[in-house]
Amino acid sequence: MSNVDGLSVCLSFDFDAVSLWIGSMRQQSPSAVSRGEYGLVGARRILDLLARHSIPATFFIPGHTIDSFPDACRAVVDGGHEVGHHNYCHENPGAVTAEEERIAVERGIASITRLTGTGPEGFRSPAWDHSEATVGLLLANGFSYDSSLMAADFEPYWARQDDVVSAEGPFVPGPRVPIVELPVDWALDDWPYFGLNWQRHHVGLRSPSDVYETWSAEFDYALANHPGGVFTLTMHPQIIGRGSRVMMLERLIEHMSAAPGVRFETMGAVARRWREAHPFEA
Ligand SMILES: [Zn+2]
């Protein structure tokens, strides 16, 4: 973002609660559900932390979480945070039919509108997976930005539609569309580090100090090399909400706050400013 110096920091929280276990993990046992319900404990700690530091954040909340835990979601809104879209019951666009995806997007918008009084500006795909229809659905429903793709790290870019992807010929990017992509990365997501899933090569339960080392180094690099860029962390209340991890996040917030030119902003605010500085040309 060449019109402003310094670095924007977006703390984003995917408030999946139970929906992720039902929707993506296909697990409905009381034990799995309780792991999602723990997100309510984590969300309270995160809201306290953000309030202590006067930081506005972005919470991507599935409609299922809004309809199941309205008080916890009301607390997010009352804290002054942005609410973004994360489908209805954590439907992965790559794993549902086009019709199911359309319904998930519309139901998610309805739940957010009931909660906040207005539709969402931003979308984050569950599991960061797009189907071929996803960007079209975002355009049709008036979204301003998406935060699911990974073709850059600290610089927003315009999303595209209809890329030609084939093993038989070269990759041909499709036309750009007026949706700001605020890129993400698994290295800046709490789940791969901390989320236990019992798979041999993906165990989780890393030490908070390991994660601090990586996240603070990524931040330091972005600050030194991407003036006007945006540093986005993706976290989940049910993962980052454990005490030792909240303490790590607070230490990181203090490190970032001490750097000159750093602004904590919602993703919607960053997308709006980037859009103004980069008039869309098809
Ligand atoms: Zn999620």
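This report covers the strands, one helix pair and a few single residues of a predicted model.

Local features are given where pLDDT is at least 70, side-chain atom pairs count only at pLDDT 80 or more, and totals for chains, interfaces and linings use all residues. Residues are numbered from 1 along each chain as its sequence is written. Helices (H or I, at least four residues) and strands (E, at least two) are DSSP runs, numbered from the N terminus.

## Strands

Start with strand E1, residues 7-14. Eight of its eight residues are buried. Buried means that 20 or more other C-beta atoms lie within 10 Å of the residue's own; exposed means 12 or fewer, partly exposed is in between, and C-beta atoms are placed from the backbone. Leu7, Val9, Leu11 and Phe13 cover one side of E1. Ser8, Cys10, Ser12 and Asp14 lie on the other.

Which strands pair with E1? Two strands pair if DSSP finds at least two bridges between them. E1 runs parallel to E2, with three bridges joining them. Strand E8 (residues 230-235) is also parallel to E1, through six bridges. Strand E9 (residues 262-264) pairs with E1 in the parallel sense, over three bridges. E2, in turn, is joined to strand E3 (residues 82-85) by four bridges, again in parallel.

The table gives bridge partners across these pairs.

| Residue | Bridge partner | Partner's strand |
|---|---|---|
| Phe13 | Phe59 | E2 |
| Ser8 | Val230 | E8 |
| Val9 | Phe264 | E9 |
| Phe60 | Gly84 | E3 |
| Phe59 | Val83 | E3 |

Strand E2 spans residues 58-61. Thr58 and Phe60 point one way, Phe59 and Ile61 the other. All are buried. Phe59 appears twice in the table: Phe13 is its partner on the E1 side, and Val83 is its partner in E3.

E3 is covered on both faces too. Glu82 and Gly84 sit on one side, Val83 and His85 on the other, and all are buried.

## Helices H8 and H10

Two packed helices are described by the angle between their axes and the distance between the axes. Helix H8 covers residues 208-225 and helix H10 covers residues 243-257. Their axes are 10 Å apart, at an angle of about 25°. Axes are lines fitted to C-alpha atoms, for helices over the stretch in contact, and angles run from 0 to 180 degrees between N-to-C directions. H8 and H10 are therefore roughly parallel. The classes are under 35 degrees for roughly parallel, over 145 for roughly antiparallel, 65 to 115 for roughly perpendicular, and oblique for the rest.

H8 passes H10 in a right-handed crossing. A crossing is right-handed if the near helix is turned clockwise from the far one by less than a right angle, and left-handed if anticlockwise.

Which residues meet here? H8 brings Pro208, Val211, Tyr212, Trp215, Ser216 and Phe219. H10 brings Ser244, Arg245, Met248, Arg251, Leu252, His255 and Met256. The residues of this contact divide into eight nonpolar, three polar and two charged. Here Ala, Val, Leu, Ile, Met, Phe, Trp, Tyr, Cys and Pro count as nonpolar, Asp, Glu, Lys and Arg as charged, and the others, Gly among them, as polar. Two residues are in contact if their C-beta atoms, placed from the backbone, lie within 7 Å.

## Positive phi

Most residues other than glycine have a negative phi. Arg26 has a positive phi, near 55°. Its place is the loop between helix H1 (19-23) and helix H2 (30-52). Is Arg26 buried or exposed? Arg26 is exposed, with 9 other C-beta atoms within 10 Å.

Asn87 also has a positive phi, about 60°, and is not a glycine. Asn87 lies in the loop between E3 and helix H5 (98-116). This residue is buried: 29 other C-beta atoms lie within 10 Å.

## Two helix residues

Leu20 belongs to helix H1. With 27 C-beta neighbours inside 10 Å, Leu20 counts as buried. Leaving aside neighbours within four places in sequence, Leu20 is in contact with Met25, Gly36 and His90. The C-alpha atoms of Leu20 and Leu196 are separated by 14 Å, and the two residues are 176 apart along the chain.

Glu99 is in helix H5. Glu99 is exposed, with 9 other C-beta atoms within 10 Å. Ala133 is 34 residues from Glu99 along the chain, and their C-alpha atoms are separated by 9.9 Å.
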